[in-house]
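Subject: Structure handover and findings

Dear colleague,

Please find the structure below. My notes on it follow, so that you can check them against the coordinates.

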Amino acid sequence: MQTIHACIKKIELLLYSGLLCLAVSLLGIQQTTAAEFPVVFEHQYGTTTVTAEPKRIVSVSFIGHDFLLALGVKPVALRRWYGNYPSGVWPWAQLALGDAKPTVMWGEINVEQIAALKPDLILGLWSGMTRSQYKILSQIAPVLVPEERFGDYGTPWQQMTRTIAKAVGQPEKGEQVVLDLEARFAAIKKRNPAWLDKSAVVVWPGDIGAYPSSDLRGRFLSDLGFVVSEKVEALVRSDLFYVRVSPEDLDPIDTDVLIWLDFGAGATQINTLRLRPTMRAYKEGREVVATPMIAAALSHSSPLSLNFALDQLEPLIAAAIDGDPATPVATSVEAGITRTQQMEGQ
């Protein structure tokens with residue numbers, strides 16, 4: 001009997017010790033979590049300090065809500081950019097949004113509307129926020145704006161993810177999101193070694209705006225191993241996120257892969273370019289039409305939208321880069337811009 005009691009006592013001691021260790025461990029985790037705040041951010045307008053984990057986040061960024069949703073954080077309000085989605089959220093992020101119904105803000109930054117939402121963090125990366133707007137909004141809540149080196153619309157998706165994750169108290173999750181997506185880019189490059197160092201460019205056909213490597217869309221190509229057109233890079237003259245290309249000289253965008261952004265009327269605009277038939281990209285079937293959905297995904301360039309864009313674009317780029325006009329690029333055929341289609345229509 002004594003032996004049984006001794007065993008029970010020993011088990012009780014072990015359980016007590018185990019629970020004590022668990023309690024200490026949990027306390028350590030709580031202390032570690034608490035130690036993540038305050039967090040400090042240096043940016044183009046000064047310094048912002050977030051003192052505690054924010055619960056009411058207002059995103060005046062055109063794309064910031066995508067990054068929050070990638071981290072599992074739902075803002076109380078977001079700024080609609082464009083598109084026919086009442087929530088302001090595109091399909092690739094709607095599952096992450098779930099049944100949440102954030103306030104959708106339209107147009108310019110409205111200080112009164114933001115103040116009424118009682119935010120404890122205002123996300124202003126990729127928002128075009130002015131210094132005077134920043135000063136006023138900073139009186140309401142901590143405001144995140146871009147680092148000076150990136151300009152208003154140049155913050156890389158990796159940096160945006162890490163900055164936002166740090167501000168909401170999830171730096172480890174943010175780092176994992178970055179590592180996972182970077183691993184996917186690396187896997188695609190490994191599957192497609194022929195892409196390495198080939199020239200490429202993303203172009204809006206409207207007034208022919210090409211995106212350099214400093215832009216989100218240009219970085220997408222770089223992440224896949226391409227080199228953004230050096231002639232486009234040479235046209236960069238300011239902090240604008242795109243450069244104008246003359247319709248009388250399309251040489252800067254005549255690359256191994258040319259991705260046309262279609263925001264709804266792209267095919268018509270592409271086919272009206274008078275000198276396009278002189279381009280090697282046209283003659284060799286190297287053009288890819290990024291449909292309105294793909295174009296929007298590239299323009300948001302968030303972890304959620306980039307995964308969607310990679311799903312769509314990998315097979316399209318693979319079809320375009322071989323230089324054989326007989327290899328159909330599905331979206332270009334659907335848009336009716338291929339050389340074969342143009343010749344048949346004559």
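Leaving aside its neighbours within four places in sequence, which residues is Ser127 in contact with? They are Val60, Ser61, Phe62, Arg79, Asp152 and Tyr153. Please keep in mind throughout that this is a predicted model.

Ser127 itself is found in the loop between strand E6 (121-123) and helix H5 (131-137). Despite the loop position, Ser127 is buried, because its relative accessible area is 4% and the cut-off for buried is under 20%. A polar atom of the Ser127 side chain lies 2.6 Å from the backbone oxygen of Gly124.

Overall

The protein has 346 residues, of which 47% count as buried. Its secondary structure consists of 15 helices and 13 strands. Taking contacts between residues at least 6 apart in sequence, 68% join residues at least 24 apart.

Helix pairs

Helix H13 (residues 303-320) appears in both of the pairs I looked at, with H7 and with H12.

The first partner is helix H7 (residues 171-191), whose axis comes within 11 Å of that of H13 and crosses it at roughly 15°. The two helices are therefore roughly parallel to each other, since angles under 35 degrees count as such. The crossing of H7 and H13 is left-handed. On the H7 side the contact is made by Val177, Leu181, Arg184, Phe185, Ile188 and Arg191, and on the H13 side by Pro303, Leu306, Asn307, Leu310, Asp311 and Glu314. Sorted by class, the contact of H7 with H13 has seven nonpolar residues, one polar residue and four charged residues.

The second partner is helix H12 (residues 292-300). The axes of H12 and H13 come within 8 Å and cross at roughly 130°. H12 and H13 are therefore oblique to each other. This crossing, too, is left-handed. H12 contributes Met293, Ile294, Ala297, Leu298 and His300 to the contact, while H13 contributes Ser305, Phe308, Ala309, Gln312, Leu313 and Leu316. By class, the contact of H12 with H13 has eight nonpolar and three polar residues, and no charged ones.

Helix H8

How many of the eight residues of helix H8 (residues 216-223) are buried? Six of them are, and the helix is mostly covered. The buried residues of H8 are Leu216, Arg217, Gly218, Arg219, Phe220 and Leu221; two arginines are in that list. Just after H8, Gly225 takes a positive phi of about 100°.

Single residues

Thr331 is found in helix H14 (residues 330-335). With a relative accessibility of 9%, Thr331 counts as buried. A polar atom of its side chain lies 2.7 Å from the backbone oxygen of Val289. Not counting residues up to four places away in sequence, Thr331 touches Val288, Val289, Thr291 and Leu316. Of these, Leu316 also belongs to the H13 side of the contact with H12.

Ala93 lies in helix H3 (residues 91-97). Is Ala93 buried or exposed? Ala93 is buried, because its relative accessible area is 0%. Residues up to four places away in sequence aside, Ala93 touches Asp66, Leu69 and Leu304. Ala93 and Ala70 are 23 residues apart in sequence, and their C-alpha atoms are 7.7 Å apart in space.

Asp207 sits in the loop between strand E8 (199-204) and strand E9 (209-211). Its relative accessible area is 48%, so Asp207 is partly exposed; the cut-off for exposed is over 50%. Beyond its neighbours within four places in sequence, Asp207 is in contact with Arg244 and Val245. Asp207 and Arg244 are 37 residues apart in sequence, with 7.2 Å between their C-alpha atoms.

To return to the two loop residues, Ser127 is buried at 4%, whereas Asp207 is partly exposed at 48%.

Regards

Methods. Residues are numbered from 1 along each chain as its sequence is written. This is a predicted model: local features need pLDDT of at least 70, side-chain atom pairs count only at pLDDT 80 or more; totals for chains, interfaces and linings use all residues. Side-chain values use heavy atoms; hydrogens and water are left out. Helices (H or I, at least four residues) and strands (E, at least two) are DSSP runs, numbered from the N terminus. Buried means under 20% relative accessible area, exposed over 50%, partly exposed in between (1.4 Å probe, protein chains only). A polar contact is a pair of N or O atoms within 3.5 Å; within protein, one must be able to donate a hydrogen and the other to accept it, and residues adjacent in sequence count only if both atoms are side-chain atoms. Contact means heavy atoms within 4.5 Å. Axes are lines fitted to C-alpha atoms, for helices over the stretch in contact, and angles run from 0 to 180 degrees between N-to-C directions. Angles under 35 degrees count as roughly parallel, over 145 as roughly antiparallel, 65 to 115 as roughly perpendicular and the rest as oblique. A crossing is left-handed if the near helix is turned anticlockwise from the far one by less than a right angle, and right-handed if clockwise. Ala, Val, Leu, Ile, Met, Phe, Trp, Tyr, Cys and Pro count as nonpolar, Asp, Glu, Lys and Arg as charged, and the others, Gly among them, as polar.
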